[in-house]
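This briefing covers how certain helices pack against one another. Please view the sequence and structure first.

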Amino acid sequence: MFQNLPDSFLQMNTIFISIMIEALPFVLIGVFIAGFIQMFISEAFIAKIIPKNRFLAVIVGSVIGVLFPSCECGIVPIVRNLIAKGVPLHAGIAFMLTAPIINPVVLFSTYVAFGSTWEVPLLRVLGSLVVAMVVGNAIAYFYKGEGLKEKFLLYETAGECRGKGEAPAVMGIAGMGGAVASGTAHTMPMETAHQHHHDHSHDDAKMPMKDRIWHTLQHAVDEFFSVGKFLVFGALLAAVMQRYIKTSTLVSIGHGPVLSILLMMVLAFVLSLCSEADAFIGASFRSVFSTQSIVAFLVFGPMLDIKNLMMMLATFKAKFVAFIVIGVTVTVFVYALFI
């Protein structure tokens, strides 16, 4: 059946499957962490560890990622749940930008890939912190409005009202339920109801442990199917671009510090590698590109690639995603140009 298919299509299919196999384990880790946050991390706990000062909150968000062994493939659902639990938007995005880079697994893989030397790993970590601080503070002081899409804001507001024993207002939105039976019903658009089968109105801390674990698993499954379709689409798009856009053509135009940095950033976006593995690909370019360009590749890729962008667009408003994309792109380029 497959004998009549073009070789290029079969190669594209192989690339697509390899991206999915590489990404899925980390997506699973991400959704289970998201489920754990939803059921075991309280708003009160988050309020204690996140400073009220916006600048300090960005610093905390930037460095706390060292505790989360998460790839960028699964970071978006984690950040969405943290923001829904009360983490400020600027701190959540700072965490999203650094966590796939500064965690110990990625740091060690980068160290090994570059011949057990610390120059590139440290430049990578420093670059991620610089970008997170710049973009996080830009969001804190200059971005106006909400970042999450309305359906997530609506769900969050309804959850807060129910937690206080109040009935959330039903604002005439199609698909909303009618009167709310206290502590039992959802008042959220039907298109998002599949993401939250269980009821968050109860006091999670008072639930039996087996129920909390069960709801954690339910939430993880919901998150997986929520982000999974965007992962598939992003992986397919990345496979098409990898197969039909020749790397040699891009390399041929990457002369000079400016063009080479931009080229490696484009490659990082197109290749859509997991941050645990991208260092080995980046190291293979050492004979062709400068250290500046390779650091740009290693910093930009985990922050922005095709599959990650698809998941961000599913979670955040398009204007906010554009704000992040512009901020990350400009900051990574300037950082790489002057290191």
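The points below describe two helix pairs that share one helix, α14. The model is predicted: local features need pLDDT of at least 70, side-chain atom pairs count only at pLDDT 80 or more, and totals for chains, interfaces and linings use all residues. Residues are numbered from 1 along each chain as its sequence is written, and side-chain values use heavy atoms, without hydrogens and water.

**α12 and α14**
- Helix α12 (residues 257-271) and helix α14 (residues 291-303) have axes that come within 8 Å and cross at roughly 30 degrees.
- Helices here are DSSP runs of H or I with at least four residues, numbered from the N terminus; axes are lines fitted to C-alpha atoms over the stretch in contact, and angles run from 0 to 180 degrees between N-to-C directions.
- α12 and α14 are therefore roughly parallel (an angle under 35 degrees).
- The contact (heavy atoms within 4.5 Å) involves P257, S260, I261, M264, M265, L267, A268, F269 and L271 of α12, with Q292, S293, I294, A296, F297, F300 and G301 on the α14 side.
- By class, this α12–α14 contact has 12 nonpolar, 4 polar and no charged residues; Ala, Val, Leu, Ile, Met, Phe, Trp, Tyr, Cys and Pro count as nonpolar, Asp, Glu, Lys and Arg as charged, and the others, Gly among them, as polar.

**α5 and α14**
- Helix α5 (residues 89-102) packs with α14 at about 125 degrees, the axes being 8 Å apart.
- α5 and α14 are therefore oblique, a class for angles that are neither under 35, over 145 nor 65 to 115 degrees.
- From α5, L97, P100 and I101 meet L298, V299, P302 and M303 of α14.
- The α5–α14 contact has 7 nonpolar, no polar and no charged residues.
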